[in-house]
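Welcome! Please take a moment to look over the sequence and the model, then read on for a guided tour.

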Amino acid sequence: NLGTAAYADLTTGTFTPALGVTFGTSVTEGASATYNADYQLLNDNFVNIIIYANLDDAGATPVIGDRIRFIGVPLHLAPVALVVAGNAQLYNSMGSGRNAFYQVSRTANDVWLTCVSVFGAPTYSSDLTINLKYKVA
């Protein structure tokens with residue numbers, strides 16, 4: 001039991017990321033795409049970030065190696081160094097149950113996703129959930 005003292009310096013907040021550039025990918029941003037994110041910063045040392053995106057996407061299926069960049073993460077949440085920080089799942093919310101999975105990296109200014117596996121064809125109205133945990137500068 002860590003007790004309440006372990007969470008004495010817990011800061012929470014929200015921010016609105018944006019889809020940056022994509023490389024080798026057919027994941028696109030639809031006209032009604034929405035983005036939001038929550039973070040928890042513990043003792044100014046460790047951060048947990050969850051980014052939610054509804055891409056309103058009508059593009060083609062992602063393939064292994066595709067990369068997606070998100071921008072707009074607050075600078076005070078920058079990592080100590082380039083880190084592999086988490087994972088992400090792209091889910092087709094139109095009922096097909098298809099998924100793509102991504103490895104997540106964090107640079108000083110951006111969040112990068114690299115597709116590592118695809119199950120089916122998650123193309124239309126895709127929901128993306130990104131989880132990151134790392135040490136901040």
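The report below starts with the overall layout and then visits a few places one by one.

## The overall layout

Let us begin with the whole chain. This is a predicted model, and the protein in it has 9 strands and 0 helices. If you follow the sequence from start to end, the pattern reads β-β-β-β-β-β-β-β-β.

Of the 137 residues in the protein, 39% are buried. Many contacts reach far along the chain: among contacts with a separation of 6 or more, 70% are between residues 24 or more positions apart.

## Strand S5 and its neighbours

Strand S5 covers residues 67-71, and its side chains alternate between two faces. Ile68 and Phe70 point to one face and are buried. Arg67, Arg69 and Ile71 point to the other face and are not buried.

Strand S5 has antiparallel partners that you can trace in the model. Strand S2 (residues 18-23) is joined to S5 by 4 bridges, and the two run antiparallel. Here Leu19 stands opposite Phe70. S5 is also joined to S8 by 4 bridges, again in an antiparallel arrangement, with Arg67 of S5 standing opposite Thr114 in S8.

## The nonpolar core

Which residues touch the most other members of the largest nonpolar core? They are Ile49, Phe70, Tyr102, Leu113 and Ile130, in a core of 30 residues. Two or more residues come from each of these elements: strand S3 (34-42), strand S4 (46-54), S5, strand S6 (83-92), S7, S8 and strand S9 (126-135).

Phe70 deserves a second look. Its relative accessibility is 0%, so Phe70 counts as buried.

## Two aromatic pairs

A search of the whole structure turns up 2 aromatic pairs. In one of them, Phe15 and Tyr39 form a tilted pair, with 6.4 Å from centre to centre and 40° between the planes. Phe15 lies in strand S1 (residues 10-15) and Tyr39 lies in strand S3, so this pair ties together parts that are 24 residues apart in sequence. Are these two residues buried or exposed? Phe15 counts as buried because its relative accessibility is 8%, and Tyr39 is buried because its relative accessible area is 10%.

Tyr35 and Phe70 also pair up: their ring centres are 6.0 Å apart and their planes lie at 70°, so the pair is edge-to-face. This pair links distant parts of the chain, with Tyr35 in strand S3 and Phe70 in strand S5, 35 residues apart. Tyr35 has a relative accessible area of 13%, so Tyr35 is buried.

## Charges and their partners

How many salt bridges does the structure hold? There is 1 salt bridge. Asp110 forms a salt bridge with Arg69, and the closest N and O atoms are 3.2 Å apart. The pair links distant parts of the chain: Asp110 is in the loop between S7 and S8, Arg69 is in strand S5, and they are 41 residues apart. Asp110 is buried because its relative accessible area is 11%, whereas Arg69 is partly exposed at 24%. Besides Arg69, the contacts of Asp110 include Phe70, Ile71 and Ser105. To find Asp110 in the model, look between strand S7 (99-106) and strand S8 (111-119).

Some charged side chains sit over rings instead. Arg67 lies over the face of Trp112, at 4.4 Å from the ring centre. Lys135 lies over the face of Phe46, at 5.3 Å from the ring centre.

## A closer look at Tyr52

The last stop is Tyr52, which is found in strand S4. Its relative accessible area is 34%, so Tyr52 is partly exposed. Which residues does Tyr52 touch, not counting residues up to four places away in sequence? They are Thr34, Tyr35, Asn36, Asp38, Leu128 and Thr129.

Tyr52 can also be compared with Thr16: the two are 36 residues apart in sequence, and 9.5 Å apart in space, C-alpha to C-alpha.

Definitions and conventions: Residues numbered from 1 in each chain as written. Predicted model: local features only at pLDDT ≥ 70, side-chain atom pairs only at ≥ 80, totals over all residues. Heavy atoms only, no water. Contact = heavy atoms within 4.5 Å. Buried < 20%, exposed > 50% of the residue type's maximum accessible area, 1.4 Å probe, protein only. Pairing = 2+ DSSP bridges. Core = buried A, V, L, I, M, F, W, Y, C linked by side-chain atoms within 4.5 Å. Phe/Tyr/Trp six-rings, centres within 6.5 Å; stacked < 30°, edge-to-face > 60°. Lys NZ or Arg CZ within 6 Å of the ring centre and 35° of its normal. Salt bridge = Lys/Arg side-chain N within 4 Å of Asp/Glu carboxyl O.
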